[in-house]
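Here is a short report on one structure. Look at the sequence and the 3D view, then read on.

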Amino acid sequence: MFRRIIILLAGLAAMSGPAWSQQGADPVLIRAAVLRVDNPGLPPISRLELPTEDLGFAGARLAIEDNDTTGRFMGQDFEAVEVTATSDTAAAEMDKLLADGIQFVVVLADDATTLALADQTGDRALILNAQARGDNLRGADCRFNTVHVAPSHAMMADALAQFLVWKQWQDWFLIKGSHPQDQDLAQAFQRAATKFGAKIVEERLYEDTGGARRTDSGHVQVQKQMPVFTQRAPEHDVLIAADEADIFAAYLPYQTWDPRPVAGSAGLVPRSWHPAMEAWGATQFQNRFEKLAGRNMREADYQTWLALRMLGEAATRSQSADPAVLKDFILSDRFEVAGFKGQKLTVRDWDHQLRQPILLTTGLLMASVSPQDQFLHQTSALDTLGIDRPETECSF
Amino acid sequence: MTLPVARHALILTLCLAATPVLANRVFVTNEKGNDVTVIDSETLEVIGSFPAGNRPRGITISPDGKELYVCASDDDLVRVFDPETMQETHTLPSGPDPELFVLHPSGNPLYIANEDDNLVTVVDTETRQVLAEIPVGVEPEGMGVSPDGKFVINTSETTNMAHFIDTETYEIVANVLVDSRPRFAQYNDAGTKLYVTSEIGGTVSVIDPATQTITTKIGFDIPGVLPEAIQPVGARVTSDGKTVFVALGPANRVAVVDGETDEVIDYLLVGQRVWQLGFSPDQKYLFTTNGNSNDVSVIDVAAREVIKSIPVGQQPWGVVVAPN
């Protein structure tokens with residue numbers, strides 16, 4: 001390692017810098033923060049999805065490594081402060097970050113907290129939303145200071161709908177949970193069905209009545225309850241679960257009354273990332289992450305990595321470390337970033353949503369990627385996913 | 001795994017006896033098949049295949065045609081084969097995850113991009129020793145060398161730069177920022193132009209090596225093909241410098257570019273997800289690896305026509321043609 005550093009320093013000294021000028025010997029520091037808001041709640045249905053201490057932060061660490069490697073050639077150094085909070089302490093933690101002069105904050109929080117933090121921040125920082133999927137955050141409640149790196153419910157639902165319609169599985173039996181976020185996701189599926197010509201033959205509510213889920217006899221209950229719950233549905237091709245709260249969807253596959261595939265919150269699941277994804281150079285990216293974190297990459301890690309890479313890419317392209325310049329650049333039509341999805345990712349100017357392909361995943365694999373080729377768009381195929389310019393409710 | 005390997009060897013032995021002596025052999029790495037397919041450059045028929053380690057990608061051959069080098073990416077080394085017998089003779093240290101490499105015009109040393117480790121490793125092909133490890137940007141991939149052997153170019157896919165490395169001092173002397181995910185660097189034979197392809201950016205940067213600045217950016221526009229599908233990867237320049245061929249990935253086309261005006265002249269339809277290109281020594285043919293259709297397209301260079309597609313192994317990646 002020591003030898004490598006020496007070679008590098010020698011390289012820097014000899015660098016004439018034809019394309020830009022070095023700003024003195026010391027690299028310029030570009031500071032950011034990752035604020036993760038954890039709320040107490042039930043553990044996930046599957047213990048394979050238990051949250052890790054470093055969830056999201058591991059993605060940030062990889063992004064900072066990547067940015068710094070490039071930064072060495074640019075005279076730029078990157079830093080991301082890692083902060084955890086609860087919804088009660090999030091505002092105070094944000095105040096501290098703002099008081100510290102940090103102007104880029106990656107937020108991993110639910111919809112309501114993300115919105116509250118954006119309003120609290122105002123024009124003092126750019127919020128990079130790396131978790132919240134609510135369509136309202138990109139619609140009626142949109143904020144100019146927020147860029148949505150995480151895909152929206154509408155994008156996820158459209159991605160799945162395109163695939164199902166391509167399969168000619170057009171009759172959907174929609175089961176939604178009783179939590180508000182389940183309702184949002186269910187609405188996105190309703191919208192997607194209308195948009196792509198599918199039909200929801202019945203919408204059924206799965207009431208969360210509490211109770212033991214992961215007890216030692218849980219599977220016995222599940223095997224009895226799920227068939228009963230799903231019986232007497234009209235003829236359908238596929239069962240769609242809208243269970244953002246993670247209460248029941250994972251129990252549905254193979255337990256339905258009718259032998260039908262499950263999609264949505266279980267079965268065929270739309271995701272921003274999957275650890276088995278190998279296309280578009282992703283293998284090396286997965287390798288780098290696993291070497292650093294000692295585990296597979298999850299969506300929160302990918303989205304946090306991408307948020308901080310956006311900052312790094314803006315700094316490289318604009319050849320600036322000035323936060324105002326970087327903010328303007330990220331929100332300009334010149335901005336694009338590569339995210340191992342086979343095409344450049346850009347920001348929609350009408351709601352600040354990052355355009356991106358969505359992976360359709362089964363348990364161990366990626367089954368498909370949307371947008372599907374058959375769905376055309378006059379400007380970008382990626383705009384067939386989510387809320388397009390003419391239908392946006394956002395006005396900054 | 002022993003059975004398929006034994007079968008490969010047998011097929012190859014049987015076929016080799018019937019091969020005319022004058023034809024050149026075309027070697028194609030199959031990234032998922034873990035083998036190399038051998039094609040006869042005259043008959044354009046497959047004459048056999050041989051196992052080449054785990055995830056073979058970059059492939060090149062010594063100027064005298066005596067050593068065939070394969071980046072066995074998942075084995076973290078370079079495997080060296082005798083191109084006549086297809087037997088592995090030895091391995092070279094490569095650093096982790098070697099993807100692409102380039103030989104010094106003299107045939108030694110070998111400059112290897114280590115994709116997982118942000119390094120370029122320099123290896124002496126005779127002593128088999130690592131001469132240097134040069135830190136570069138994130139995900140180094142493309143490797144080019146100037147015709148006079150004075151500079152090696154590495155492109156880093158996530159840093160988005162072409163790094164000019166002095167082959168005497170192993171130091172980076174210049175960095176040129178290009179469009180997203182630069183995959184390949186190729187000089188013309190005169191050394192007056194350096195072409196760097198950008199897969200996600202969708203462009204080819206034409207760089208003046210003397211000033212290390214971009215003089216032109218070549219863009220591509222194919223009717224009926226989405227702009228996102230146009231992803232430049234491999235590039236080759238005819239020895240007179242007049243024609244540049246650029247593989248456009250999932251656009252399933254090879255672009256023909258005028259080497260003097262930097263204008264796109266034509267697009268040739270080839271197999272699916274075309275990545276790397278290799279000329280026959282007389283530059284009569286250009287071979288393309290098509291990773292999704294598992295075949296190689298053969299382009300008649302003078303006529304600028306695709307004349308044949310040849311099924312090879314699983315996910316063909318790189319191609320090189322023996323010089324003799």
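An axis here is a line fitted to C-alpha atoms, for helices over the stretch in contact, and angles run from 0 to 180 degrees between N-to-C directions. Helices (H or I, at least four residues) and strands (E, at least two) are DSSP runs, numbered from the N terminus. This is a predicted model, where local features need pLDDT of at least 70, side-chain atom pairs count only at pLDDT 80 or more, and totals for chains, interfaces and linings use all residues. Residues are numbered from 1 along each chain as its sequence is written, while chains are lettered from A and ligands numbered from 1 in the order in which they are written.

**A helix pair in chain A**

α2(A) and helix α9 (residues 299–318) of chain A pack at an angle of about 20°. Their axes are 7 Å apart. Angles under 35 degrees count as roughly parallel, over 145 as roughly antiparallel, 65 to 115 as roughly perpendicular and the rest as oblique. α2(A) and α9(A) are therefore roughly parallel to each other. The crossing of α2(A) and α9(A) is right-handed. That word means the near helix is turned clockwise from the far one by less than a right angle; anticlockwise would be left-handed.

Which residues make the contact? Two residues are in contact if their C-beta atoms, placed from the backbone, lie within 7 Å. From α2(A) they include A:A58, A:L62 and A:M74. From α9(A) they include A:Y302, A:W305 and A:R309. By class, the contact of α2(A) with α9(A) has ten nonpolar, six polar and three charged residues. Ala, Val, Leu, Ile, Met, Phe, Trp, Tyr, Cys and Pro count as nonpolar, Asp, Glu, Lys and Arg as charged, and the others, Gly among them, as polar.

**Where the chains meet**

The contact between the chains takes 24 residues from chain A and 31 residues from chain B. On the chain A side, α1 (2–14), α2 (57–74) and α8 (282–293) each supply at least two residues. α1(A) gives the most to that side, with six residues. The side of chain A that touches chain B has ten nonpolar, nine polar and five charged residues.

**Two sheets in chain B**

Two strands pair if DSSP finds at least two bridges between them. The table sets out two open sheets.

| Strand order (chain B) | Pairing | Edge strands | Average turn between neighbours, direction ignored |
|---|---|---|---|
| β4-β5-β6-β7 | antiparallel | β4 (56–61), β7 (88–93) | 25° |
| β20-β21-β22-β23 | antiparallel | β20 (235–237), β23 (264–269) | 20° |

β4(B) and strand β5 (residues 68–72) of chain B pair over four bridges. B:I61 has B:L68 as its bridge partner, and B:T60 has B:Y69. Six residues lie between the strands of this hairpin, where B:G65 takes a positive phi near 75°. Is β4(B) mostly covered or mostly open? It is mostly covered: six of its six residues are buried. A residue is buried if 20 or more other C-beta atoms lie within 10 Å of its own, exposed if 12 or fewer, and partly exposed in between; C-beta atoms are placed from the backbone.

In the second sheet, strand β22 (residues 253–258) of chain B and β23(B) pair over five bridges. B:V254 has B:L268 as its bridge partner.

**One residue in chain A**

A:Q225 sits in helix α7 (residues 218–230) of chain A. A:Q225 counts as partly exposed because it has 13 C-beta neighbours inside 10 Å. A:Q225 and A:W166 are 59 residues apart in sequence and 32 Å apart in space, C-alpha to C-alpha.
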